[in-house]
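Colleague: I'm new to this one. Could you show it to me and let me ask how you arrive at your labels?

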Amino acid sequence: MCRESELYHPVTIGGLEVPGNLFLAPLAGYSDVAFRSLCVSYSCDLTYSEMLSAEGFVRGSGGTFNLLARDPRERFFGAQIFSSSPYSAARAAAAIAALPVPPSLIDLNCGCPVPKVVKTGAGSALLRNPRLVYDMVKAMKESCALPVTVKIRSGWDAASINYLETAGAACQGGAALVCLHARTRAQGYGGRAEWGHIRNLKEKCGIPVFGSGDVLSGEDAARMLRETGCDGLMFARGAIGNPFIFRQTRDCLALGRAAEPSARERMRMGLEHLDLCIRAKGEALACREMRKHFAAYSKGLPGGARLRAALVRACTAADYRETVEGYLGGIPEPGP
Ligand SMILES: Cc1cc2nc3c(=O)[nH]c(=O)nc-3n(C[C@H](O)[C@H](O)[C@H](O)COP(=O)(O)O)c2cc1C
């Protein structure tokens with residue numbers, strides 16, 4: 001049995017040494033450079049891009065490559081691709097590895113449940129074809145020198161739980177890490193993640209196993225590491241509106257307790273996020289995209305509903321700041 005403080009540790013992914021084991025999961029629509037670099041500033045050890053179409057890289061689409069732009073603070077960064085073709089995945093991996101500043105690793109998405117993606121045979125459709133997972137990982141490995149990782153789900157549905165087989169195929173193909181989101185495709189993001197699957201995979205798999213699913217607080221993270229024995233974990237919804245969760249987890253593991261960010265700290269994180277987003281995308285786009293983030297930063301705060309109603313009307317950075325400062329002016333100052 002590990003001491004809690006030993007649950008936070010470095011992890012080796014192929015030839016890559018990452019100093020810690022608390023990662024930011026790929027999050028379509030959220031994990032852009034602004035959010036990722038904010039998470040890194042709160043002690044996240046490795047970030048992933050959102051899932052990107054391998055075809056975009058094959059066609060040489062500048063827009064897709066731009067999504068791999070990273071902040072100098074992001075020392076450890078993974079690019080996640082989705083595809084159902086070993087040929088396209090290999091070409092995408094080669095193009096990504098040839099970037100002037102390549103990512104630290106490339107991940108294959110085997111979990112996306114969205115019909116538009118599944119229809120093409122990619123994402124969670126790959127769970128129904130472990131042999132293809134093997135072919136894709138092998139082709140990616142052969143086309144680039146970067147470590148290749150995979151992110152899978154427990155299975156297609158409750159009647160076809162096959163994470164051991166899918167992970168085994170990825171491992172044989174040369175994957176350096178497998179992350180298990182312990183839900184089936186049929187569950188989407190609902191129901192409970194079955195952490196027992198993560199524990200079982202960890203016991204049987206020869207490469208590092210990361211866990212994902214229902215890690216919404218520092219306490220959840222400590223519990224997942226302790227109960228499953230996994231090598232590390234990825235925060236997803238738990239980090240949205242709370243990039244502080246990485247630091248909370250470190251505190252939980254080191255001290256056995258962690259403070260919740262105050263309303264003031266949450267809103268300051270939101271404004272810091274806004275600044276990073278403006279730097280990356282310009283004010284107009286950043287202000288549109290920050291609405292969903294501010295909805296998350298203000299969730300659960302006293303007077304949060306009124307605050308959100310005002311924030312959705314913000315069109316400029318000045319509107320956001322004025323609304324936030326007005327809100328903070330109306331809540332009590334923290335005690336000494
Ligand atoms: C809005 C959203 C976007 C997501 N995008 C991706 C993605 O691009 N690639 C991926 O592998 N998983 C994606 N996921 C799944 C998460 O990475 C994670 O595995 C899942 O949310 C379970 O963790 P949680 O219960 O702690 O949120 C996404 C999840 C959410 C909620």
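Modeller: Here are some questions and answers on the domains, the ligand shell and one residue. Bear in mind that this is a predicted model, where local features need pLDDT of at least 70, side-chain atom pairs count only at pLDDT 80 or more, and totals for chains, interfaces and linings use all residues. Residues are numbered from 1 along each chain as its sequence is written.

Colleague: Why is Leu-52 called buried?

Modeller: Buried takes 20 or more other C-beta atoms within 10 Å of a residue's own, with C-beta atoms placed from the backbone. Leu-52 has 24 C-beta neighbours inside 10 Å, so it counts as buried.

Colleague: What does Leu-52 touch, leaving out residues up to four places away in sequence?

Modeller: Thr-64, Leu-67, Ala-79, Gln-80 and Ile-81. Contact means that the C-beta atoms, placed from the backbone, lie within 7 Å.

Colleague: How is the protein divided into domains?

Modeller: Domain 1 covers 4-255 and domain 2 covers 263-329; such bounds come from an automatic or database domain assignment. Their centres, taken over C-alpha atoms, are 29 Å apart. Each side brings residues to the contact: 10 from domain 1 and 10 from domain 2.

Colleague: Which residues come nearest to the ligand?

Modeller: Ala-25, Pro-26, Met-51, Ala-236 and Arg-237, out of 23 around the ligand. A residue is near if its C-beta atom, placed from the backbone, lies within 6 Å of the molecule.

Colleague: What makes up that shell by class?

Modeller: The shell around the ligand has 11 nonpolar, eight polar and four charged residues. Ala, Val, Leu, Ile, Met, Phe, Trp, Tyr, Cys and Pro count as nonpolar, Asp, Glu, Lys and Arg as charged, and the others, Gly among them, as polar.

Key:
Contact = placed C-beta atoms within 7 Å. Buried ≥ 20, exposed ≤ 12 C-beta atoms within 10 Å, placed from the backbone.
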